[in-house]
Each structure stands twice: as C-alpha cells, then as structure tokens.
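Welcome! Have a look at the two chains below, and then work through some short exercises with their solutions.

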Amino acid sequence: MKHVGIINKIIPFSAVDGPGCRTAVFFQGCNFNCQYCHNPETISLCKLCGNCVSHCPTGAIYIKEQKVVYEKEKCVECDACLKACPYNSSPKTTVYTPGKLVETIAVNIPFIRGVTFSGGECTLQREFLEEVIPLLSERGLNVLLDSNGTFSFEQILPILEQIEGVMLDIKAFSLEDHIKVTENENRIVLTNAVELAEREKLKEVRTVIVPELFDTKKTVIQTAELLQNYNKQSEIQYKLIKYRPIGVRKEKAIYSTPDTPYMEELKEIVHSFGFKKVTIT
Amino acid sequence: MKRNFMKEISMERVNEARNEILETIKNHQLTHEQKVSKMAVLADSLMEVLEYPEGLKELMSNDPEEKVICDLGEGHAPVRPRYIIPDYQAFLEHGSEFLGLTPPRDIWEATNALLIFYKHVPSVTNYPVYVGNLGELLEPFVKDEEEAKKAIRLFLIHMDRTILDSFCHANIGPTETKAGRIILELEQELEQAVPNLTLKYDKDITPDSFAELAAKTALKSAKPSFANHQMFKNELGDDYVIASCYNGLKLGGGSYTLCRMLLGNLAKKAHNKKEFFEDVLPQALEIMALYMDERIRFIVEESGFFESNFLAKEGFIKRERFTAMYGIVGLADCVNNLLEKENIEGRFGHSKLADDLGVEIIQAIDSFVKNHNNPYCEITGGHFLLHAQVGIDSDVDSTPGCRIPIGEEPENFAEHLLHCGKFHPYFPSGIGDIFPIEVTVEKNPAYLIDVVKGAFEKGVRYLSFYSSNSDVVRITGYLVKRSEMEKLKNGENVLLDTTKLGLDSVKNSHVLERKVR
C-alpha cells in the first residue's frame with residue numbers, strides 16, 4: 001500500500017543538516033514537546049479547527065470539503081497563521097506520495113550528495129520513509145535521519161540498512177532532566193544511541209545547551225562517556241547547539257543564550273573523551 | 001606591410017584633452033600612480049592611426065544607452081597586447097638577462113625574483129594580469145614549511161600593496177601542493193583584494209580536503225574562484241591559465257585585445273527578432289571583428305612590441321601564442337528586449353522560450369567567430385575566442401555576460417546553476433557567475449564543493465563565491481574591499497584603482513544585492 005508523507009517544509013540546498021550539500025525534508029508531527037522547540041509549528045498535525053483561516057491577510061488559507069487548503073502562490077510568508085494556531089501546527093503542510101517527493105528532490109541532482117529527513121520527528125512516518133528511501137538510493141542519494149531517538153529499533157532496522165546513518169538528539173541525559181525538557185522519558189533514546197553506535201550508524205549527536213533549564217554539563221559528560229568507545233571504531237560528531245530564542249514560543253522564550261566561554265568549555269570536555277569532531281553552532 | 005599615417009584632429013579635441021589632463025593633475029581623490037596612468041590614456045586619446053571599418057563610429061557612441069561596440073579603454077594606438085601571460089616557470093629556470101637575474105635557489109630568492117619580474121609585465125592596466133600558478137611555481141622551494149609561510153606571507157602582502165589593481169590573477173591547482181595550501185591559509189588571514197585567485201578544479205585530481213580548504217578561504221576572502229579544469233583543458237590544452245577577471249588564455253601568450261558588444265543596446269536597433277538575426281547582428285559582428293583585426297595588425301606589424309620587449313626577446317612570451325577575445329555583454333537585456341518587441345511573455349532566466357532565444361543568439365555569435373579568420377591567432381585555429389564580458393562601471397542597464405540580472409535570480413539555486421550551464425560552454429576565454437553564500441556554510445565547506453562538482457558536471461565553467469558578511473567582495477569579476485569603498489566614498493585616497501570601479505558598480509549595478517545562496 002502506498003503511504004503518504006505530511007511535510008512541513010523542504011529546503012532544497014541545506015548546509016546545516018549533515019555533511020555537504022543536502023536537501024532537507026521536515027516532516028510534520030513530533031512526540032516530544034521540547035520547551036525550547038525552535039519550530040513549534042511542526043509539533044502537531046492539523047486538527048482542522050480553522051482558527052488560522054480568518055488570520056490570513058491574503059486569503060491563502062480556506063476550508064474546503066473539511067480540509068484546510070493552503071495556496072502557496074497567495075502566501076506572503078507573514079506567519080500569522082502559525083501564530084494563530086492554538087495546537088502548535090501549521091496549515092502550510094503538503095501531502096506527498098513517495099513518487100512526488102522523490103521528483104521534487106531530484107531537481108537538485110547533481111548538486112546535492114544526499115537527503116536529510118528531519119522534522120518534527122521523521123520516524124513517526126516510518127512507513128512512508130520505507131517507501132521513499134529505496135527510490136532515493138536508486139538515484140544515488142544517501143540518506144540521513146535527524147531523529148529524537150524514540151523509534152522502536154526493531155522497526156527501524158530495515159531502513160537503517162539502506163541509509164548512511166542517524167543524527168540523534170540527546171536532549172538531556174538524566175530521566176528527570178529529560179522530562180523537564182521534553183515532557184517525555186528517554187530510556188529508549190539512550191538505548192537506541194548505543195544500538196546505532198554499535199552498528200556504526202550514529203553519525204552525530206547533538207544537544208541544545210540551555211543552562212537554565214537542565215544540567216547541561218552533566219548531560220554532555222554522560223553522553224560523551226556513553227559513546228566514547230564507539231567513537232573510536234567509527235567517528236561520531238558531537239554538535240553543541242547554543243540555545244537561541246529565535247522561533248521559540250513566546251511564553252517559553254525565557255532562557256538566556258549561553259556565552260561563548262561556556263560553550264568552549266563544553267567543547268573541551270567532549271574533546272577530552274576522544275571526540276575529534278566537536279562543533280558549536 | 002601596411003603603414004597608416006597619423007590623421008589630423010581638431011584643436012577643440014586637443015583642448016578638451018588638455019582640460020581633462022589639468023583636472024586629473026588637480027584631483028584630490030587619485031593617487032599619483034592613478035594620475036599618471038589616466039594622463040597617459042588622455043594623451044593616447046589624441047592618436048588617430050588606426051583604420052576604422054565602415055560603420056564603426058556610429059556603433060562606438062559615447063552614450064551608454066546607445067553604445068554597441070567598445071574597446072574597453074585599450075587606446076587609439078595600442079602600445080602592447082591587452083593581456084600578457086609570461087611563462088614564469090621559464091624565468092625561474094633560466095633567470096633573465098635583461099633583468100640581470102640568475103635562477104633563484106630558495107623561497108626568498110624565488111619570491112623576490114617574481115616580485116621584480118611583475119614590475120616589468122605590461123597590460124592594459126599597466127599591472128600584470130597574471131602572476132603565475134603559484135602553487136606549482138613555488139612548490140620546489142617549499143622546504144621548511146614555516147619559513148616558506150613567512151616568505152609567502154611577505155610576498156602576498158608586497159603584491160597587494162604594489163600591484164594596485166585587482167585584475168591581477170594567480171592560479172593554484174588542480175593538484176594539491178604545499179605552496180597552494182600555504183597560500184590558501186594565508187589568504188584567509190590577510191583578506192586582501194590582490195591577487196585575484198583561481199583554483200583549477202578537477203574532481204579526479206584535486207583532493208576534497210584541498211578543495212574544501214579553498215572553499216573555506218573563499219568564504220573568508222572571496223577567493224579563490226573555481227575553474228572547470230576539464231573543460232578548459234579540453235579546449236585550450238594543459239597549458240591554459242586564468243588571468244584578469246576569469247579569462248582562459250595560453251601560457252606564454254595572451255590576448256592582443258578585448259572588444260565587446262553590448263547586446264542590449266544592439267537589440268534596440270532592431271524592430272523584431274527577424275531583423276535582429278538577419279541584419280542588425282551580422283553587421284555589428286562583422287564590424288567589431290574588422291576593428292579587432294585592425295588593432296591586432298597595429299600591435300603586431302607596427303607597434304614593435306614583439307621585437308623590442310624583453311619578454312618576447314627572452315622567450316617568456318611568444319607572438320604565436322597570442323589570440324584575441326571577442327566579448328559580449330548584456331545577453332539578458334537583449335533577450336528581454338526582443339521578446340517585448342515580439343509581444344512574447346517571459347524573461348531571461350525564467351522561461352524556456354527566453355533561454356532558448358539566448359542560446360540561439362550565442363550560437364549565432366559563436367558560429368560567426370568560428371568562421372572569422374585572423375592571421376595572427378594561429379594558436380586558436382586562426383579564430384578569436386568568445387568572452388562573456390562583465391560590464392564596466394559606466395554601463396547603464398547592462399547585465400554582465402550571460403548572467404541573470406541581479407534581483408531576478410531564480411528562487412531555486414539548482415535552476416540558477418543549470419541556467420549557467422547552458423551558456424558557459426561557449427566561452428573558452430572566460431565567463432563566470434558569482435554567488436554570495438549564507439554564513440552558515442563556513443562550518444560546512446563541503447557544501448560548496450558539492451555545488452561545484454554538480455555545476456561542472458552540468459557544463460558550468462567558472463564559479464565564484466563570497467560570504468554574505470565578508471569585507472572582500474567580488475564586484476563583477478574583480479575583488480574590492482567594502483571598507484575601502486567606504487573610505488573612497490568619504491573622499492579619502494585609496495591604494496587600488498579598482499576600488500573606484502567597484503564603488504561605481506555598486507551604485508549602478510546593485511552588486512551588493514545579489515541573492516544569497
């Protein structure tokens with residue numbers, strides 16, 4: 001059976017979603033609710049409340065046959081619809097069949113080396129991925145998943161064999177901190193980190209550094225500790241992301257951005273566990 | 001051999017020139033060197049020794065909205081070829097009798113010898129437009145890398161402060177060299193406009209790590225640019241170089257002249273597409289070719305340059321290795337003008353019909369150039385080479401070469417690059433596109449190399465990048481520092497004469513408003 005993907009946005013040429021030039025595909029829908037989420041409009045699927053319709057100044061959104069219709073041509077990207085949405089969703093999503101998505105991406109060949117599926121949480125639309133990935137491989141494109149790590153490892157295995165690897169978020173290491181950050185547990189995330197690393201499929205881990213929200217130093221140390229031996233057999237990049245208030249929900253944009261010396265200190269800590277590729281963004 | 005006599009000119013024209021010379025002398029913004037070269041140009045403007053083909057005068061109008069043919073300030077009695085490409089390797093191996101220099105033995109002697117040599121390489125700007133493949137030239141002298149870095153640092157600074165014009169161009173690659181790496185590392189630090197720099201890039205020869213270092217440097221200092229080595233090599237042979245803006249020429253030769261046709265203004269003279277192709281274009285093409293023939297004849301047969309200059313006498317250049325560049329500018333304006341006249345919707349870069357018309361025009365010019373013979377262009381089969389000229393500071397509403405006008409760039413980067421690939425193959429003596437790049441790419445230089453690889457696969461010849469927030473920026477082909485333009489704007493002296501060209505282009509052509517990729 002053909003599955004469809006609900007996609008929030010496609011960036012044809014991205015320099016920040018994995019190595020080299022890649023097309024980044026952002027799926028709609030996430031099972032975490034990170035306090036500092038930088039694109040909260042990707043969290044929920046549309047509940048058809050219609051609240052956004054009246055807020056659109058150009059009439060680009062309307063309801064037809066019980067569906068929210070979005071006309072891109074009329075949109076002026078003012079994001080009034082996103083601000084009006086009470087459910088952290090967006091009317092500006094597009095439904096793709098595997099074929100249509102591959103066609104859209106293929107326009108960027110031969111300038112891209114691969115595709116990164118991000119989100120939202122891309123593995124929530126696993127069946128769709130299973131159909132898309134072989135089609136991309138046929139075109140010579142490698143695939144990276146950008147994931148929060150909550151997938152069932154058994155289920156992801158068939159995909160894993162066909163892709164380059166996973167870039168995994170370690171939002172926080174301790175259970176308590178993780179719940180504070182994401183409103184969810186993280187046992188499965190840490191197990192998956194190890195499972196992926198064992199199979200040399202863990203390409204990158206990343207932590208958003210928000211010192212006022214959780215014990216960032218402890219998370220970085222424990223993550224580095226957990227992965228240090230795997231890093232010896234297949235290099236893992238550690239990306240330390242400075243919290244910035246851009247895009248964060250207004251009521252949650254209450255934290256301050258960590259300063260450069262602190263970020264450098266964390267970088268040094270990761271280095272000391274033998275990680276060569278550590279970046280601050 | 002034909003000799004032309006000097007023609008009379010009016011006293012009025014003499015006095016006009018005298019007034020301009022006096023104004024130049026009293027100018028507060030120009031440096032001494034800039035005054036001297038400007039006065040030489042003014043004196044030269046009084047010369048009348050060339051025999052002009054019929055119809056040329058009308059096409060060479062001074063009105064920027066009328067002008068169709070332009071010799072880009074080469075003068076009325078060319079005293080030297082426009083672009084000279086000395087074989088520096090021969091100089092390093094044999095020294096020079098005229099300069100009283102023996103072959104250098106270490107990095108200090110080599111860089112010093114080259115710096116001396118550069119001061120004796122003429123060009124249309126009076127500064128060398130090519131300073132060698134520095135990666136290859138200096139590699140044998142790189143013994144202790146730290147010492148070499150010190151010597152090369154001084155060498156680059158010396159060049160930037162004494163070659164006062166950023167049409168001066170150095171090459172590195174396609175193979176990785178220690179010297180090439182040192183140059184890239186230094187340019188990241190120095191952020192200088194001179195010399196312009198090109199990496200000859202071939203994905204099968206140039207290692208990714210070297211190319212990525214080049215990309216990183218480009219995002220810091222707007223150079224090097226990337227030249228499609230395979231493409232240039234197939235057309236010009238292994239011993240091609242990139243000089244001046246981005247011109248592909250033969251080592252040990254150069255270009256006698258570069259004249260250009262402003263296609264946008266030419267289109268204004270036709271009532272419709274048919275008249276343009278059957279009448280207006282062929283006539284103008286013929287007139288410009290005859291004009292170039294006459295300029296070349298004067299340089300070769302009358303100026304005595306090749307008989308008297310030490311570069312030729314000592315074999316650093318050979319007359320037989322020179323060719324000439326047949327330039328065009330404003331393809332986009334030409335296409336859009338013709339489409340309007342035909343009442344066809346669509347704009348260059350945004351409709352297949354418009355792009356196809358662009359290709360049709362370039363093919364017509366290409367076929368003319370390949371059928372026109374000049375006895376002194378033996379090295380390129382007796383023909384001129386097509387060149388996509390980028391415009392000059394005084395141009396009005398003229399889009400560089402075959403580029404899409406600034407402000408009309410396609411949304412998708414891939415579409416833009418594919419458009420470049422349609423036109424680049426026709427221009428062996430140079431064409432290029434320039435893209436400002438998002439700052440985030442600095443952390444992922446492989447991104448740029450992926451783009452370059454894909455683009456070269458699709459027929460792109462030459463690409464330049466700079467970071468959207470760097471001080472050094474590429475204007476049309478040459479480099480200028482934003483900080484220097486600011487100084488000039490405030491009435492201060494600046495060292496490089498290209499800063500003035502840059503400032504005017506920023507005003508007239510919106511070069512700082514390119515779409516960031």
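The exercises below concern a predicted model, and each is followed by a worked solution.

**Exercise 1. Describe the overall build of chain A, and find how it is divided into domains.**

Step 1: Start with the secondary structure, which in chain A amounts to eight helices and 11 strands.

Step 2: Turn to the overall dimensions. The radius of gyration of chain A is 19 Å, close to the 19 Å that the globule rule gives for 281 residues, so chain A is as compact as a globular protein of that length. Along the principal axes, its C-alpha atoms fill a box of roughly 55 × 45 × 30 Å.

Step 3: Look at burial and contacts. Of the 281 residues in chain A, 43% are buried. Among contacts between residues at least 6 apart in sequence, 70% join residues at least 24 apart.

Step 4: Now split the chain. Domain 1 of chain A covers 5–41 + 94–280, and domain 2 covers 47–84. The C-alpha centres of these two domains lie 29 Å apart.

**Exercise 2. Do the same for chain B, starting from its helices and strands.**

Step 1: Chain B has 20 helices and 15 strands.

Step 2: Its radius of gyration is 22 Å, close to the 24 Å that the globule rule gives for 517 residues, so chain B is as compact as a globular protein of that length. The box filled by its C-alpha atoms is roughly 65 × 55 × 50 Å along the principal axes.

Step 3: In chain B, 50% of the 517 residues count as buried. Among its contacts between residues at least 6 apart in sequence, 78% join residues at least 24 apart.

**Exercise 3. Which residues of helix α2 of chain A are buried, and where do they lie around the helix?**

Step 1: Helix α2 of chain A spans residues 98–106, and its buried residues are P98(A), L101(A), V102(A) and I105(A).

Step 2: Look down the axis of α2(A): the buried residues fall within an arc of 95°, so they line one face of the helix.

Step 3: Check the face turned away from the buried side, where you will find the exposed residues G99(A) and E103(A).

Step 4: Finally, see what covers the buried residues of α2(A). The cover includes the strands β1 (5–14), β2 (22–27), β5 (94–96) and β6 (114–118) of chain A, along with helix α3 (126–138).

**Exercise 4. Find the largest nonpolar core and the residues with the most contacts inside it.**

Step 1: Some background helps here: in soluble globular proteins, nonpolar side chains tend to be buried together.

Step 2: The largest nonpolar core has 215 residues, and I69(B), A284(B) and M288(B) have the most contacts inside it. Helix α12 of chain B (residues 273–302) gives the most to this core, with 12 residues.

Step 3: Follow A284(B) outward. Not counting residues up to four places away in sequence, A284(B) touches L59(B), V68(B), I69(B), M261(B) and L266(B).

Step 4: There is also a second, separate core of eight residues, including C52(A), I61(A), C81(A) and C85(A).

**Exercise 5. Which parts of chain B touch chain A, and what does G20(A) contact?**

Step 1: Count the residues in contact: 18 of chain B and 15 of chain A. On the chain B side, the elements that give two or more residues are α17 (413–423) and α18 (446–457). Helix α18(B) gives the most to that side, with seven residues.

Step 2: Sort the chain B side by class, which gives eight nonpolar, four polar and six charged residues.

Step 3: Cross over to G20(A), in the loop between β1 and β2 of chain A. With 22 C-beta neighbours inside 10 Å, G20(A) counts as buried. Leaving aside neighbours within four places in sequence, G20(A) is in contact with R113(A), A446(B), Y447(B) and D450(B).

**Exercise 6. Where are the cis bond from I109(A) to P110(A) and the positive phi of S244(B)?**

Step 1: Recall that most residues other than glycine have a negative phi, and most peptide bonds are trans.

Step 2: The peptide bond from I109(A) to P110(A) is cis, with omega near 10°. P110(A) is in the loop between α2 and β6 of chain A.

Step 3: S244(B) has a positive phi near 50° and lies in the loop between β7 (240–243) and β8 (247–250) of chain B. S244(B) is buried, with 28 other C-beta atoms within 10 Å.

Notes. Residues are numbered from 1 along each chain as its sequence is written. Chains are lettered from A and ligands numbered from 1 in the order in which they are written. This is a predicted model: local features need pLDDT of at least 70, side-chain atom pairs count only at pLDDT 80 or more; totals for chains, interfaces and linings use all residues. Domain bounds come from an automatic or database domain assignment. Two residues are in contact if their C-beta atoms, placed from the backbone, lie within 7 Å. Helices (H or I, at least four residues) and strands (E, at least two) are DSSP runs, numbered from the N terminus. Ala, Val, Leu, Ile, Met, Phe, Trp, Tyr, Cys and Pro count as nonpolar, Asp, Glu, Lys and Arg as charged, and the others, Gly among them, as polar. A residue is buried if 20 or more other C-beta atoms lie within 10 Å of its own, exposed if 12 or fewer, and partly exposed in between; C-beta atoms are placed from the backbone. The arc is that of the directions from the helix axis to the C-beta atoms. A nonpolar core is a set of buried Ala, Val, Leu, Ile, Met, Phe, Trp, Tyr and Cys residues joined through C-beta atoms within 7 Å. The radius of gyration is taken over C-alpha atoms; the globule rule is 2.2 Å times the number of residues to the power 0.38.
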